[in-house]
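Me: I'm new to reading protein models and would like a close look at just one part. Could you walk me through it slowly?

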Amino acid sequence: MLECGVQPDMITFTPDGNYVITADKGPQKKGSHKDGEKAQGSVTIANISNGIPSEAKIVTFDKPESITVSEDSKTAYIALGGENGVAILDLEKECFRVR
């Protein structure tokens, strides 16, 4: 069993089958039931290349909603809920690209 970020909302596999990735919505902030504000979300990356899941890496980011992966399995694109934007995640370096 692997730990992932809070409230995983979507799960996807890379085309090469080496990684499983989840978009994690993050916990609800205390006292925010009126406005629905949420804490920081995350993306969880787990290497499954040898058939046995290794330790998962959780990369934090606000409001991840859904994920798609490039055909070469090196880059994940995360749609940001409510932000009208896309984050680019380098799966080899396990970090977001800044442009």
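Here is the part I'd like to look at, followed by the reply.

Me: Where is Thr 22 found, and which residues does Thr 22 touch?

Reply: Sure, let's start with what we're looking at. This is a predicted model, where local features need pLDDT of at least 70, side-chain atom pairs count only at pLDDT 80 or more, and totals for chains, interfaces and linings use all residues. Residues are numbered from 1 along each chain as its sequence is written, and side-chain values use heavy atoms, with hydrogens and water left out.

The pLDDT is the predictor's confidence in each residue, from 0 to 100. The protein averages 82 on that scale, and 84% of the residues score at least 70.

Now the layout. The protein has eight strands and zero helices. Both kinds of element are DSSP runs numbered from the N terminus: a helix is H or I with at least four residues, a strand is E with at least two. Among these elements, strand S2 (residues 19-24) has the highest mean pLDDT, 90, while strand S4 (residues 57-61) has the lowest, 82.

Strand S2 is where you'll find Thr 22. Its partner is strand S1 (residues 8-13), and S1 and S2 pair in the antiparallel sense over five bridges; to count as a pair, two strands need at least two bridges found by DSSP. To see the pairing up close, look at Thr 12, which stands opposite Ile 21 in S2. S1 and S2 form a hairpin with five residues between them, and Gly 17 in the turn has a positive phi of about 75°.

Back to Thr 22 itself. Thr 22 is buried because its relative accessible area is 10%; buried means under 20%, exposed over 50%, and partly exposed in between, with a 1.4 Å probe and protein chains only. For the whole protein, 36% of the 99 residues count as buried.

So who surrounds Thr 22? Leaving out residues up to four places away in sequence, Thr 22 touches Cys 4, Pro 8, Met 10, Ile 11, Ser 42, Val 43, Thr 44 and Ile 67. A contact here means heavy atoms within 4.5 Å.

There's also a polar contact, from the side chain of Thr 22 to the side chain of Asp 24, at 2.7 Å. That term covers a pair of N or O atoms within 3.5 Å; within protein, one must be able to donate a hydrogen and the other to accept it, and residues adjacent in sequence count only if both atoms are side-chain atoms.
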